[in-house]
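This report follows a set of side-chain pairings and their surroundings, and then turns to individual strand residues. The structure is shown first, and the discussion comes after it.

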Amino acid sequence: MDLSVIIVNYRSASYALHAVASALEQELESKSGGRGAIEILVIDNGSPPEDVALLEGLPQSVRIIHNSTNLGFSPAVNQGIREAKGKFLCLLNPDAHPFPGAFQRLIEHLYRHPEVAASGPRGWLDDEKTFLLPFVRLPTPGSMILESLAGLNYRVSRVVCRPWHRRDLALWQITVPMSIDMLCGACLVIRRAVLDRVGGFDPHYLLYYEDADWCRRVRRHGYRLAVVPAAEIVHYYDQTAQLAVKQSMDWMVRSRNYYIGKQFGPWAATLYERIAGMAGRAADRWNPSPPRRLYEDLGLQAEPHLFTGIEPDVERKVLFEIGYHWNFVIKAAAFRPTPELHFPLPIWKRLRPGRYYTRLTELATGRPEKIWSWQKV
């Protein structure tokens, strides 16, 4: 077996069906030049009966493992690793679907570079490839504290976020594989030999931070990680977490605290909690926002908005970003030839109700031209 694809499902069977279909459509070439063999394992983590019934419609070649309860993401991934037979293993979220040729390009890079433990793709937020997803950063107590401080003031956020923004811009535009400090667990291809040496995911992470922890362990063993931009996926970001928002948030906080304590010591976790708590309370009191010359609140939005900058018909390379906060620590990005963007309807339908921000930046100057706030209803 050349490649084992492991998909962990929890109440997201409709997405898992699509993920399996896109994985089955992948054409794989073995190292010897023949047709590569792919197996697919779906680990169902105690989903309700209606979800399980949907999974029964999968092709017979797909192996389904049913858990009676939700074990958490990491334990279920490890369950799949133990059952997998491939020389390479692909961890694939049910709401992440590879474009044609993605698996082949990720494995080819591993064949050519034995020092690379795992490879990951370029991610898109939509099938139409409008918005690029960010490449994850390996979190440290320092970076996490800076993220909390970035919400205090617009000028502070500009200073804090500038190196992250430059990194994002560079990575979004790469055309050849390059080393990176962390890969996102939504889709990555790993050597079986590396898993045998380093181990799978730490089972204490029920959801979130398991990929950061694993990437740290891999790099400590002397391996590299690589992003392969020619391999592309669409990741319908945040879809599975939307199904259990409160539980997902609780798991995120728990995993974050465990990650900091495990990797940097209990003092680091305590320091982060105190500083982040003070920053959050200060932001609530001050209610900061971008300068009025840049900022426009569009209010409630029941349908996608047409965002336009100055002279929308004039050709000039710009960047539109969408994020949860006006500091755009977490964002997706769309490169456009003119300062005009009609927000894509497929992405709009998948967004949970709530407040969002859109930023328009002229690439030639790097200066923001406009920031919009809007609330999806």
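Does Arg316 count as buried or exposed, and at what relative accessibility? In this predicted model, Arg316 has a relative accessibility of 15% and therefore counts as buried, since the cut-off for that class is under 20%. The side chain of Arg316 forms a salt bridge with that of Glu362, with an N to O distance of 3.7 Å. Because Arg316 sits in the loop between strand 11 (306-308) and strand 12 (318-323), while Glu362 belongs to strand 15 (residues 354-362), the pair ties together parts that are 46 residues apart in sequence. Glu362, with a relative accessible area of 22%, is partly exposed.

**Salt bridges**

This pair belongs to a wider set, for the structure holds 20 salt bridges. Three of them are set out below.

| Salt bridge | N to O distance |
|---|---|
| Arg63 and Glu83 | 2.9 Å |
| Lys331 and Glu321 | 3.2 Å |
| Arg316 and Glu362 | 3.7 Å |

The salt bridge between Arg63 and Glu83 links distant parts of the chain, with Arg63 in strand 3 (residues 63-67) and Glu83 in helix 3 (residues 73-83), 20 residues apart. Arg63 is partly exposed at 38% relative accessibility, and Glu83 is likewise partly exposed, with a relative accessible area of 31%.

For the salt bridge between Lys331 and Glu321, the positions are strand 13 (residues 331-336) for Lys331 and strand 12 for Glu321, so that the pair ties together parts that are 10 residues apart in sequence. Both Lys331 and Glu321 are buried. These two residues also take part in a network of salt bridges that links them with Arg167, Asp168, Asp181 and Arg359.

**Strand 12 and its partners**

Strand 12, which carries Glu321, is largely enclosed by the rest of the structure, because six of its six residues are buried. In a regular strand, side chains alternate between the two faces of the sheet. In strand 12, Val318, Phe320 and Ile322 point one way, whereas Leu319, Glu321 and Gly323 point the other way, and all of these are buried.

Which strands pair with strand 12? Strand 12 runs antiparallel to strand 13, to which it is joined by six bridges, and it also pairs in the antiparallel sense with strand 15, again over six bridges. Gly323 illustrates both pairings, since its bridge partner in strand 13 is Lys331, while in strand 15 it stands opposite Tyr357.

**Two residues of strand 9**

Elsewhere in the chain, Val227 lies in strand 9 (residues 224-235) and is buried, with a relative accessible area of 1%. Leaving aside neighbours within four places in sequence, the contacts of Val227 are Gly120, Pro121, Phe135, Ile174, Pro177, Met178, Ile180 and Leu183. Val227 and Ile347 are 120 residues apart along the chain, and their C-alpha atoms are separated by 24 Å.

His235 is also found in strand 9, and with a relative accessible area of 9% this residue is buried. Which side chain makes a polar contact with that of His235? The partner is Asp95, whose side chain is joined to that of His235 by a polar contact of 3.2 Å. Not counting residues up to four places away in sequence, His235 touches Asn93, Asp95, Ala96, Trp124, Leu125, Leu133 and Ala186, so that Asp95 appears among the residues that it touches.

Technical notes:
Residues are numbered from 1 along each chain as its sequence is written. This is a predicted model: local features need pLDDT of at least 70, side-chain atom pairs count only at pLDDT 80 or more; totals for chains, interfaces and linings use all residues. Side-chain values use heavy atoms; hydrogens and water are left out. A salt bridge is a side-chain nitrogen of Lys or Arg within 4 Å of a carboxyl oxygen of Asp or Glu. Helices (H or I, at least four residues) and strands (E, at least two) are DSSP runs, numbered from the N terminus. Buried means under 20% relative accessible area, exposed over 50%, partly exposed in between (1.4 Å probe, protein chains only). Contact means heavy atoms within 4.5 Å. Two strands pair if DSSP finds at least two bridges between them. A polar contact is a pair of N or O atoms within 3.5 Å; within protein, one must be able to donate a hydrogen and the other to accept it, and residues adjacent in sequence count only if both atoms are side-chain atoms.
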